[in-house]
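Dear colleague,

I am passing on the structure we spoke of, and below it you will find an account of what was found in it. Please read the account with the structure open beside you.

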Amino acid sequence: MPGTGTWLEGALAGTTGGGGHNGRVFSPSVENLVAQLTRLPGVGQRTAQRLAFHILQRPEGEALALAAALTEVKERVRFCNECGNLTEEETCAICLDTRRDHTTICVVEQPVDVVSLERTHEYRGLYHVLGGALSPIDGVDPSDLRIDELMHRVERNGVTEVVLATNPTMTGEATAAYLADRLRTRVRVTRLASGLPVGGDLEYADEVTLGRALSGRREM
Ligand SMILES: [Zn+2]
């Protein structure tokens, strides 16, 4: 491989000399990498360009390791056939853990929410990952989420409580309300309390948060 300067220049080269028709600034392969990176959440055009240049400047082995890691997760990782969490087996470690409370299921939108809840060490039950939240505007209706699977689990497995831990957003609340309607005749349904951030002042809380904190107050 030629000196870094040369190949990097080559990679970045627009149409060499002459200043680029079609407004093309990068070579097609760099442009493709940038385009792929902008698909990632939170990555805009500028960040994608920075990442692309970073990848180009690192040794080839590093870039290939990244590519291999991407291929490997897509080959190996799948959704748990019970809860929908990510796993490399048929059934995830949480569902298989007999020390956990199998009568309680906590419903979340995404696998990443399981990670957040596990980090609290406060919850010892099972999970159910919906794969999103109901949103008629975006065309997400109940059949697009793992709701039937949840109903089956509740009926089949002696579940006594379902904790609704969808996000406190418009779609998350709508999803929780929908699930509560379907579940409350069969099982105890609870919702995560939402309230004031720890370390925050009442003065700075918005009225929705403060209102929720008030309605979710508890004995002490
Ligand atoms: Zn599972």
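**What was found**

The protein, which is given here as a predicted model, has 9 helices and 6 strands. Of its 220 residues, 17% count as buried, and among the contacts with a separation of 6 or more, 43% are between residues 24 or more positions apart.

**The sheet**

I would begin with the open sheet, in which 4 strands follow one another in the order β4-β3-β5-β6 with parallel pairing. The edges are taken by β4 and β6 (188-191), each of which has a single partner strand, so one side of each is left without a neighbour in the sheet. On average, and with direction ignored, neighbouring strands of this sheet are turned by 25 degrees against each other.

Taking the pairings in turn, strand β3 (residues 101-108) is joined to strand β4 (residues 125-129) by 5 bridges, the two running parallel. Along this pairing, Cys106 stands opposite Tyr127 in β4, and Val108 stands opposite Val129. β3 also pairs with strand β5 (residues 161-164), in the parallel sense and over 4 bridges; here the bridge partner of Thr104 is Glu161, while that of Ile105 is Val162. β5 in its turn is joined to β6 by 4 bridges, again with the strands running parallel, and Val163 of β5 has Thr190 in β6 as its bridge partner.

Two crossovers can be followed in the model. β3, helix α6 (residues 111-119) and β4 make a right-handed β-α-β unit, and β5, α8 and β6 likewise make a right-handed β-α-β unit. The helix of that second unit, α8, packs on the sheet, where it touches β3, β5 and β6, and its direction makes about 170 degrees with that of β5.

**The core**

Which residues have the most contacts inside the largest nonpolar core? That core has 26 residues, and the ones in question are Cys83, Ile105, Val107, Val108, Tyr127 and Val162. Two or more residues are given to this core by each of β3, β4, α7 (147-156), β5 and α8 (170-183), with the largest share, 4 residues, coming from β3.

Val107 is worth a look in this setting: leaving aside residues up to four places away in sequence, Val107 touches His128, Leu130, Leu150, Val162, Val163, Leu164, Ala165, Thr166 and Leu179. In β5 the side chains alternate, with Val162 and Leu164 pointing to one face and buried, whereas Glu161 and Val163 point to the other face and are not buried.

**Helix α4**

Helix α4 (residues 60-76) is hardly covered, for the count of buried residues among its 17 residues is 0. The length of α4 can also be checked: at 1.5 Å a residue the helix should span 24 Å, and its end C-alpha atoms are 24 Å apart, which agrees.

**Two loop residues**

Gly131 lies in the loop between β4 and α7. With 16 other C-beta atoms within 10 Å, Gly131 is partly exposed, since the count falls between the 12 or fewer of an exposed residue and the 20 or more of a buried one. Not counting residues up to four places away in sequence, Gly131 touches Gly84, Leu145 and Arg146, and its C-alpha atom is separated by 8.2 Å from that of Asp144, which is 13 residues apart from Gly131 along the chain.

The other residue is His121, which is found in the loop between α6 and β4. Is His121 buried or exposed? His121 has 7 other C-beta atoms within 10 Å and is therefore exposed, the cut-off for that class being 12 or fewer. The phi of His121 is near 55 degrees, a positive value in a residue other than glycine. Most residues other than glycine have a negative phi.

With best wishes

Terms used:
Residues numbered from 1 in each chain as written. Predicted model: local features only at pLDDT ≥ 70, side-chain atom pairs only at ≥ 80, totals over all residues. Contact = placed C-beta atoms within 7 Å. Pairing = 2+ DSSP bridges. Right-handed = clockwise from strand over helix to strand, strands pointing away. Core = buried A, V, L, I, M, F, W, Y, C linked by C-beta atoms within 7 Å. Axes fitted to C-alpha atoms, helices over the stretch in contact; angles between N-to-C directions. Expected span 1.5 Å × (residues − 1).
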